[in-house]
Amino acid sequence: MREYISLVCKECSNRNYRTPKKTQQTEKLELNKFCKCCRKHTAHKEYKK
Ligand SMILES: [Zn+2]
């Protein structure tokens, strides 16, 4: 089964992206993504509902 997670900007806590994640993968994702709110690339961490 495929699980969808949200990616949250660490600086403004805006949920900017949704991405599928394999259920076996246990470590937290952390990606550098462009944040519309901050208008720059920031670290995004995964957020589970
Ligand atoms: Zn941001």
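1. Two strands count as paired if DSSP finds at least two bridges between them. In this predicted model, strand β1, residues 2-9, is joined to β2 by seven bridges. The two strands run antiparallel. One facing pair can be named: Ser 6 stands opposite Arg 18 in β2.

2. The sheet has four strands and is open. Their order is β2-β1-β4-β3, with antiparallel pairing. The edges are taken by β2 (15-22) and β3 (30-35). Each has a single partner strand, so one side of each is left without a neighbour in the sheet. From one strand to the next, the twist averages 40 degrees.

3. Look next at the loop between β1 and β2, where Ser 13 lies. Its phi is near 65 degrees, a positive value in a residue other than glycine. Is Ser 13 buried or exposed? Ser 13 has 9 C-beta neighbours inside 10 Å, so it counts as exposed. The cut-off for exposed is 12 or fewer.

4. The loop between β3 and β4 (40-47) holds Arg 39. Here too a residue other than glycine has a positive phi: the value for Arg 39 is near 60 degrees. Arg 39 counts as exposed because it has 8 C-beta neighbours inside 10 Å.

5. Points to check on the model: the β1 to β2 pairing, with Ser 6 opposite Arg 18; the edge strands β2 and β3; and the positive phi values of Ser 13 and Arg 39.

Technical notes:
Residues are numbered from 1 along each chain as its sequence is written. This is a predicted model: local features need pLDDT of at least 70, side-chain atom pairs count only at pLDDT 80 or more; totals for chains, interfaces and linings use all residues. Axes are lines fitted to C-alpha atoms, for helices over the stretch in contact, and angles run from 0 to 180 degrees between N-to-C directions. A residue is buried if 20 or more other C-beta atoms lie within 10 Å of its own, exposed if 12 or fewer, and partly exposed in between; C-beta atoms are placed from the backbone.
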